[in-house]
Amino acid sequence: MIRAHVLICGGTGCTSSGSQKINEQFVASLEKYGLTDEVKLVQTGCFGLCALGPVVIVHPDGTFYSMVKPEDVEEIVSEHLLKGRVVERLVYSDTGEEATDVDVANLSLNDTAFYKTQNRVVLRNCGVIDPEDINEYIAMDGYAALGKVLTEMTPQEVIDVISDSGLRGRGGGGFPTGRKWALTAPNQADQKYVVCNADEGDPGAFMDRSILEGDPHALIEAMAIAGYAIGATQGFVYVRAEYPIAVNRLRIAINQAKEMGLLGKDIFGSGFDFDLDIRLGAGAFVCGEETALMTSIEGNRGEPRPRPPYPAVKGLYGKPTVENNVETFANVPQIILKGADWFKSMGTERSKGTKVFALGGKIHNTGLVEIPMGTTLREIIYDIGGGIPNGKKFKAAQSGGPSGGCIPASLIDTEVDYDNLTAIGCMMGSGGLIVMDEDTCMVDMAKFFLEFTVDESCGKCTPCRIGTKRLLEMLDQITSGNGTLELVDEMEKLCYYIKENSLCGLGQTAPNPVISTLKFFREEYVAHCVDKKCPAGVCKDLLSYVINKDTCIGCGRCAKNCPADAITKTDYIAPGHKLASYEIDTKKCVKCGACIGFCKPGAIYKD
């Protein structure tokens with residue numbers, strides 16, 4: 001008889017930290033102690049708290065072990081699973097310290113500060129079920145929504161429910177999902193298609209990947225529902241090849257669904273046919289744009305098409321097509337089962353439901369977060385994210401990756417939803433949220449994202465192909481100390497020209513990081529151009545390393561570890577010191593910063 005379940009995170013993050021070895025060690029230890037028939041091991045999807053991986057949770061008590069190593073496994077088995085004694089040193093504590101008896105009394109994952117304000121709708125099964133076992137998904141009401149749709153509802157009723165729910169596209173644009181389906185359904189054709197965008201190319205974004213790794217059947221069920229609603233019999237999931245775990249689990253799930261008659265011919269005896277296939281992308285960011293994605297599925301180079309005609313009329317292979325991303329689809333089964341009013345009870349007036357964010361950057365609790373629309377940025381960063389490490393000040397958050405903009409500290413109480421972010425010149429994007437502290441140079445940050453978009457431009461239209469390159473050249477001039485205020489003005493004009501004239505969303509949003517940093521941090525551009533200084537001390541061409549001779553104790557550690565031999569002793573001995581101080585030759589200095597790391601009294605600083 002099974003008396004305990006051990007859930008081991010099998011998402012990409014924890015897998016890269018060795019969770020597979022942990023699983024193997026559990027198998028060996030359970031066999032060693034004769035517990036194989038009493039304890040079930042389950043490799044789940046992402047739990048969300050990636051900063052503390054690998055994560056192991058023991059049920060039924062819900063003990064949450066974090067940062068587990070293979071050598072810890074035998075102790076968990078011999079103490080916890082055999083003797084019933086929790087291994088306190090491995091239990092997660094919100095304080096970041098070793099767990100106390102009080103902590104051990106509150107071990108549930110949902111009781112932690114990271115989770116207790118979240119509302120897991122899309123991620124409800126991630127970290128809970130075995131994603132490679134269809135029976136576990138069915139046990140969580142899986143495929144009940146598809147059964148309800150095919151046996152109790154007309155296609156129009158399905159569209160009406162999705163429309164009434166207020167669900168908007170989670171891929172970045174926020175277009176109403178029900179409206180998109182409604183535009184496609186009336187169009188007559190011998191074939192229609194449902195396409196899922198699982199390309200997810202934003203740096204730092206891993207929401208869709210985590211859903212595919214932790215709950216792939218939710219996507220399959222939703223795409224079948226969409227197919228029924230619009231009259232499509234074929235679906236395609238376009239997923240990047242760099243997601244091997246997600247692709248493998250999706251393939252397993254599709255095969256299982258076909259074996260059980262949940263995909264294929266005459267599903268639920270309703271006469272409805274729907275099949276699903278996977279298409280692998282080669283990693284081109286532009287293929288996140290729906291028309292470029294469809295062009296790639298067709299076997300051509302991924303380039304966007306002019307619109308109109310829109311995919312609802314002429315999409316994949318020239319046929320009417322509905323395209324949504326993974327997170328959008330993952331909401332659909334729950335909306336069908338629980339109703340539009342349930343979904344509308346969460347969120348704000350025009351942005352309903354929840355949103356999944358990949359929280360990263362300068363923050364304690366990096367990971368996957370699902371919060372109701374309208375949650376403030378302050379709550380996300382401090383209540384869920386645990387604040388900024390090393391006592392640093394929050395400076396800004398980049399929402400939407402290369403296509404988005406930055407939210408400055410002055411707007412930290414902004415309620416995060418589509419309209420509020422658009423109003424301040426940002427965008428929701430697919431859900432990447434990169435947190436930056438006081439040590440971040442906003443000019444350099446804009447340059448980083450622009451380098452990405454220049455590299456990823458497909459080159460089909462001139463405003464994007466040439467314009468973004470010119471923008472990058474201007475930013476290079478500014479960060480290297482050769483910028484002027486006139487150059488900044490020219491750059492700003494070019495930003496709006498690119499936005500207004502580019503063919504697709506990649507080019508239209510490429511200038512956003514520049515525009516938003518100019519709006520909220522123009523003084524940093526001025527400092528770079530007028531004072532020839534980088535206030536954050538990031539741009540190497542604009543900084544120098546200086547030794548405070550009165551603070552220097554003359555230990556010489558900086559000189560011994562300088563790779564350029566740029567540090568020499570002086571004749572000056574500061575009052576109260578016995579040894580002569582050192583100085584840095586700025587002409588020889590390569591600005592590597594090694595000297596600061598070796599200076600115990602903190603006498604070296606950036607100027």
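**Close-up views of a predicted model**

**View 1. Strands 5 and 6 lie side by side in the predicted model.** Cys-196 stands opposite Val-237 in strand 6. Strand 5 (residues 193–198) and strand 6 (residues 234–240) run parallel and are joined by six bridges. Helix 12 (residues 244–259) packs on the sheet, where it touches strand 6 and strand 8 (272–281). The direction of helix 12 makes about 165° with that of strand 8.

**View 2. Five strands make an open sheet.** Their order is 7-8-6-5-9, and the pairing is mixed. At the edges are strand 7 (264–267) and strand 9 (321–325), each of which pairs on one side only. From one strand to the next, the twist averages 25°.

**View 3. Four strands make another open sheet, in the order 2-1-3-4.** Here too the pairing is mixed. Strand 2 and strand 4 each have a single partner strand, so one side of each is left without a neighbour in the sheet. The twist averages 20° from one strand to the next. Strand 3 and strand 4 run antiparallel, joined by three bridges. Ile-57 stands opposite Phe-64 in strand 4.

**View 4. Two helices lie across the four-stranded sheet.** Helix 2 crosses strand 1, strand 2 and strand 3, running at about 170° to strand 2. Helix 3 lies across strand 1, strand 2, strand 3 and strand 4, and runs at about 170° to strand 4. The buried residues of helix 3 (residues 73–83) are Val-73, Ile-76, Val-77, Ser-78, His-80 and Leu-81. Their cover includes helix 2 (19–32) and strand 1 (4–9). After helix 3 comes Gly-84, with a positive phi near 80°.

**View 5. The largest nonpolar core has 67 residues.** Among those with the most contacts inside this core are Trp-181, Met-223 and Phe-274. Helix 11 (residues 216–230) gives the largest share, eleven residues. Leaving aside residues up to four places away in sequence, Phe-274 touches residues including Val-194, Met-223, Ala-224, Leu-263 and Ile-267. Another core, of 45 residues, lies apart from the largest one. Its members include Leu-109, Cys-406, Val-416 and Leu-433.

**View 6. Residues 95–107 have a pLDDT below 50.** The mean pLDDT of the chain is 92, and 98% of its residues reach 70 or more. Beyond near neighbours in sequence, the stretch 95–107 has 16 contacts in the model.

Conventions: Residues are numbered from 1 along each chain as its sequence is written. This is a predicted model: local features need pLDDT of at least 70, side-chain atom pairs count only at pLDDT 80 or more; totals for chains, interfaces and linings use all residues. Side-chain values use heavy atoms; hydrogens and water are left out. Two strands pair if DSSP finds at least two bridges between them. Axes are lines fitted to C-alpha atoms, for helices over the stretch in contact, and angles run from 0 to 180 degrees between N-to-C directions. Contact means heavy atoms within 4.5 Å. pLDDT is the predictor's confidence in each residue, from 0 to 100. A nonpolar core is a set of buried Ala, Val, Leu, Ile, Met, Phe, Trp, Tyr and Cys residues joined through side-chain atoms within 4.5 Å. Buried means under 20% relative accessible area, exposed over 50%, partly exposed in between (1.4 Å probe, protein chains only).
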